Amino acid sequence: MSCSSQGWLISIVMVLLALNLEALARHEAGVKSAIFLSPKFELAPGSVVNKYYYNISFPRGHIALKSFNAEVVDEAGKPIPLHETYLHHWVVGRYYQHRDAASHHRADAMFLRNAGVCENNVLGQYFGLGSETRRTSTYIPDPYGIEIGNPTQIPEGYEERWMLNVHAIDTRGVIDKLGCTECRCHLYNVTVDEYGRPLSPDYKGGLKCCYDQMQCKTREGYDQSTKRSLFLRYTVKWADWDASVFPVQIYIFDVTDTWKRSSSNNSLRGPNATHHCQVEYEVKPCSGTGVVNDDCFDVRRISLAVPSGGYLIYGVAHQHSGGIGSTLYREDGQVLCSSIPKYGEGEAPGNEAGYIVGMSTCYPHPGSIKLSEGEILILESNYSGTIGHTGVMGLFYLLVAESLQEPSRSVLESAKPHMATAIWALLLLFGLASTIAVGVGCRHRLGREDDYEPIVM
């Protein structure tokens with residue numbers, strides 16, 4: 001390659017690098033990040049924890065939440081694979097509580113649910129995932145964010161606090177890992193729920209059978225004394241709230257919701273608007289003979305009304321093992337978002353074979369999907385019916401923005417407008433120095449080339 005070509009190549013590389021780093025600076029500038037640990041929980045082989053932690057460590061102030069990610073780690077900070085500790089779910093909820101109230105007590109707490117439709121604060125969380133947590137994006141694109149900490153909305157004498165629920169199952173040494181993670185009642189030897197109420201004979205497995213301190217059956221002779229201390233390590237990203245940020249509403253739809261629209265009234269506010277979300281359901285095998293049928297699917301569909309209008313910003317489904325995808329449609333069949341599970345293929349954390357380790361997400365082009373208040377959508381959840389599954393879920397998490405107006409400056413660009421200039425200056429200086437070095441090297445090499453003898457065959 002000639003010296004002039006090398007010089008031009010270096011210049012082009014410098015320009016491209018500058019453009020990429022400028023974009024990165026715009027993306028990261030102004031977004032803050034912090035890593036926290038939940039209180040410690042202990043698990044022995046086959047044991048279950050379903051803990052609720054109140055007033056957890058969390059960013060404070062009037063801010064815009066941008067993402068929340070989590071994973072289970074040990075005391076050394078080492079990630080724990082799902083085939084050892086199955087993370088059934090974690091959820092994060094928001095509430096107001098009197099400043100003088102004990103941090104671990106929920107007395108006088110005023111829970112602030114999302115904008116979803118389920119009754120009695122069911123599925124009222126702000127964030128929540130399960131086994132898919134390591135490889136599922138929760139990032140909210142600019143200029144949007146979840147508004148929290150608005151001082152004008154917090155009652156006098158109260159403060160905003162956060163609750164974390166962690167449900168994890170230790171499957172070391174158990175006789176049936178899938179059965180334990182699907183909370184099959186016979187493996188837990190359970191006939192009543194955590195409140196002492198008898199279970200229905202038709203209830204084969206689910207949350208009612210693997211509550212806190214339950215024990216799944218382990219192999220005979222397996223040492224159950226090997227307890228270990230674990231934590232949920234969670235990373236929160238946020239930005240300071242200002243007029244350039246546009247709030248999004250959180251909706252969580254459930255395919256088990258028993259609400260049915262009336263032919264005379266589609267309203268969510270009237271007497272026909274009660275939503276009883278069951279959260280979980282059972283997938284029965286297609287064949288009772290035990291013969292594997294790869295063409296067997298369990299398909300659940302439900303019609304749901306949009307609580308308020310706006311633009312779809314983000315969407316993702318939540319499914320358990322056996323899930324093959326979930327889709328949200330309009331009534332005319334238009335696909336709004338399809339979320340597909342990613343299954344692991346190995347043993348390392350984030351790639352555990354047989355487990356859902358991620359869910360694909362939807363980030364529609366801004367303004368491309370507008371939802372109208374009261375519009376009927378179709379939620380479909382698909383599972384493989386090759387074998388039966390208990391305690392599965394078919395949830396769909398949406399972020400909807402009422403406004404799509406572009407701000408004059410995004411929250412990220414306004415934070416450090418000088419960063420792009422600094423990057424360009426540094427890279428141009430570096431590029432100039434590199435070009436001079438190439439030129440000097442070329443002159444030196446060309447001087448030697450005059451004395452070279454030609455190679456003759």
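# Salt bridges, a pocket and backbone outliers

Glu 159 and Arg 161 are joined by a salt bridge between their side chains, with an N to O distance of 2.7 Å. Glu 159 is partly exposed at a relative accessible area of 28%, whereas Arg 161 is buried at 2%. The model is predicted, and the count of salt bridges in it comes to 17. The points below cover further salt bridges, one pocket, backbone geometry and selected valines.

**Salt bridges across the sequence**

- Arg 134 pairs with Glu 352 in a salt bridge whose closest N and O atoms are 3.5 Å apart.
- Arg 134 sits in the loop between E7 and E8, and Glu 352 in the loop between strand E17 (341-343) and strand E18 (356-359), so this salt bridge ties together parts that are 218 residues apart in sequence.
- Glu 352 is buried, with a relative accessible area of 0%, while Arg 134 is partly exposed at 25%.
- Buried requires a value under 20%, so Arg 134, at 25%, does not qualify.
- Through shared partners, salt bridges connect Glu 71, Arg 134, Arg 233 and Glu 352 into one network.
- Another salt bridge joins the side chains of Glu 84 and Arg 228, at 2.9 Å from N to O.
- This pair links distant parts of the chain, 144 residues apart: Glu 84 is in the loop between strand E4 (63-74) and strand E5 (85-98), and Arg 228 is in strand E10.
- Glu 84 is partly exposed, its relative accessible area being 24%.

**Second largest pocket**

- The volume of the second largest pocket is about 210 Å³.
- Its lining has 15 residues, of which Arg 94, Tyr 126, Glu 147, Val 248 and Gln 249 are the closest to the pocket centre.
- By type, the lining of the second largest pocket consists of 7 nonpolar, 5 polar and 3 charged residues.
- Strands E8 (144-148) and E11 (246-254) each supply at least two residues of this lining.
- E11 gives the most, with 4 residues.

**Backbone geometry**

- Most residues other than glycine have a negative phi, and most peptide bonds are trans.
- The peptide bond from Asp 142 to Pro 143 is cis, with omega near 5°, and Pro 143 lies in the loop between strand E7 (127-129) and E8.
- Leu 123 has a positive phi, near 55°, and is located in the loop between strand E6 (110-112) and E7.
- Gln 213 also has a positive phi, near 75°, and belongs to the loop between helix H3 (185-188) and strand E10 (228-240).
- Leu 123 is buried, with a relative accessible area of 10%, whereas Gln 213 is exposed at 63%.

**Nonpolar patch and selected valines**

- Phe 297, Val 299 and Ile 324 make a nonpolar surface patch of about 250 Å².
- Val 299 is part of strand E13 (residues 297-305) and is partly exposed, with a relative accessible area of 37%.
- A patch residue needs over 30% relative accessible area, so Val 299 meets that cut-off at 37%.
- Val 335 is in strand E16 (residues 335-339) and is partly exposed, with a relative accessible area of 44%.
- The C-alpha atoms of Val 335 and Leu 377 are separated by 9.9 Å, with the two residues 42 apart along the chain.

Notes
Residues are numbered from 1 along each chain as its sequence is written. This is a predicted model: local features need pLDDT of at least 70, side-chain atom pairs count only at pLDDT 80 or more; totals for chains, interfaces and linings use all residues. Side-chain values use heavy atoms; hydrogens and water are left out. On a 1 Å grid over the protein atoms alone, a cavity is a set of points where a 1.4 Å probe fits but cannot get out, and a pocket is an open set with protein on both sides within 12 Å along at least five of seven lines; lining residues have an atom within 4 Å of a point. Grid points are joined across faces, edges and corners, and a volume is the space filled by probe spheres set on the points. Ala, Val, Leu, Ile, Met, Phe, Trp, Tyr, Cys and Pro count as nonpolar, Asp, Glu, Lys and Arg as charged, and the others, Gly among them, as polar. Buried means under 20% relative accessible area, exposed over 50%, partly exposed in between (1.4 Å probe, protein chains only). Patches are made of residues with over 30% relative accessible area and no salt bridge: like charges are joined within 9 Å, nonpolar side chains (Val, Leu, Ile, Met, Phe, Trp, Tyr) within 5 Å. Accessible areas come from the Shrake-Rupley method with a 1.4 Å probe; for residues, only the protein chains shown count as cover. A salt bridge is a side-chain nitrogen of Lys or Arg within 4 Å of a carboxyl oxygen of Asp or Glu.
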